[in-house]
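Let's take a walk through this model together, one region at a time. Keep the viewer open and follow along as we go.

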Amino acid sequence: MSKKTLSPEGDEPDNRRSFSSVNANEEFGPQSTPTHELPSPRAFALNVTHRALEVIYGSRDIGQLARWVSEDVYHSMERHVNAELRRRSHLPPAARTRQAPLFTLGKAHLFSPRDGVMEVCVLDKTRNRFQTAALRIEGWDHRWRATAFAFLLGAIACVFSPVLDVASY
C-alpha cells in the first residue's frame with residue numbers, strides 16, 4: 001500500500017495572483033492587419049472582382065471564391081447563384097447553357113477610410129456596355145478579404161453585403 005505524503009501548510013505556493021480576463025477572440029480570432037503589412041490592394045481587388053464576375057456570369061464555381069471573400073459575402077453570393085440555377089432549370093435544355101461573356105476590367109479606384117480597409121470601384125467593360133463593381137476589402141491575418149461586394153448590371157443591382165444581406169436583382 002502506498003503512503004501519500006501531504007506537504008505542510010506553509011510549503012504551498014501562493015497562486016492567488018489576479019489575471020486580467022482575456023477574450024478568446026482577441027487572441028485566437030481573425031486579427032486586423034495594417035495596410036503596410038498587406039499585399040497590393042489594387043491587384044487583390046482586380047483579382048477578386050474578376051473571379052466574382054465569373055461566378056455571377058456562371059462560368060466559375062462559387063467554391064473557388066471562398067478564400068477571397070468573407071463568410072457573409074460568400075453565403076449571399078451562393079444564394080444568388082442557387083436562385084439563378086433554379087431559374088434556369090425551368091428553361092429548355094438548349095437555353096440552359098451559358099456562354100462565358102468576354103469582359104475587360106478597367107482601373108481600380110481605391111479609397112481608404114481607415115488603416116487596413118480599402119473601398120474599391122472597378123469598371124467592367126463588356127462588348128455592349130459598361131458595368132461597375134464596388135467592393136470593400138479588409139486586411140485580416142496578413143491578407144485581404146472582400147467583406148462587401150456589389151455589382152451594377154445596367155439598371156439591375158446585385159448586392160452581396162453583410163449589412164443588407166440581400167441579393168436583389
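The model is predicted, and pLDDT is the predictor's confidence in each residue, on a scale from 0 to 100. With that in mind, look at residues 164-169, where pLDDT stays under 50. The model has 18 contacts for this stretch beyond four places in sequence, a contact being a pair of heavy atoms within 4.5 Å. Where pLDDT is low, the predicted coordinates should not be read in detail. For the protein as a whole, the average pLDDT is 81, and 73% of the residues score at least 70.

Now turn to the second largest pocket, which holds about 230 Å³ of space. Rolling a probe the size of a water molecule over the atoms shows where empty space is left. Sixteen is the number to keep in mind for the lining: 16 residues surround this pocket, and V55, G58, S59, V81 and L85 lie nearest its centre. Which helices supply at least two residues each of this lining? They include α2, spanning 41-57, and α3, spanning 71-89. Helix α3 gives the largest share, with five residues. Sorted by class, the lining of the second largest pocket has seven nonpolar, five charged and four polar residues.

Let's move on to the charged side chains. The structure holds five salt bridges, and three of them are worth a visit here. Start with E54 and R60, whose closest N and O atoms are 2.5 Å apart in a salt bridge. Are these two partners buried or exposed? E54 counts as buried because its relative accessibility is 15%, below the 20% cut-off. R60, with a relative accessible area of 25%, is partly exposed.

Next, find E84 and R87, which form a salt bridge with an N to O distance of 2.7 Å. Why can these two side chains pair up along one helix? E84 and R87 sit three residues apart in helix α3, so about one helical turn separates them. Their surroundings can be compared too: E84 counts as buried at 14% relative accessibility, while R87 counts as partly exposed at 43%. This pair also belongs to a wider arrangement, as E84, R87 and R88 are linked in a network of salt bridges.

The third stop is the salt bridge between the side chains of E119 and R136, again with 2.7 Å from N to O. This pair links distant parts of the chain, with E119 in strand β2 (residues 117-126) and R136 in strand β3 (residues 130-140), 17 residues apart. E119 counts as partly exposed, at 32% relative accessibility. R136 likewise counts as partly exposed, at 24%.

Finish with a return to helix α2, where H50 has its place. H50 is partly exposed, with a relative accessible area of 28%. Which residues does H50 touch, leaving aside those up to four places away in sequence? The answer is F103 and L105. As for T104, it is 54 residues from H50 in sequence, yet the two C-alpha atoms are 8.8 Å apart in space. Selecting H50 together with F103, T104 and L105 in the viewer brings this last region into view.

How values were computed:
Residues numbered from 1 in each chain as written. Predicted model: local features only at pLDDT ≥ 70, side-chain atom pairs only at ≥ 80, totals over all residues. Heavy atoms only, no water. 1 Å grid on protein atoms, 1.4 Å probe; cavity = no way out; pocket = protein on both sides within 12 Å on 5 of 7 lines; lining within 4 Å. Points joined across faces, edges and corners; volume = space filled by probe spheres on them. Helix = DSSP H or I, 4+ residues; strand = E, 2+ residues; numbered from the N terminus. Nonpolar A, V, L, I, M, F, W, Y, C, P; charged D, E, K, R; others polar. Salt bridge = Lys/Arg side-chain N within 4 Å of Asp/Glu carboxyl O. Buried < 20%, exposed > 50% of the residue type's maximum accessible area, 1.4 Å probe, protein only.
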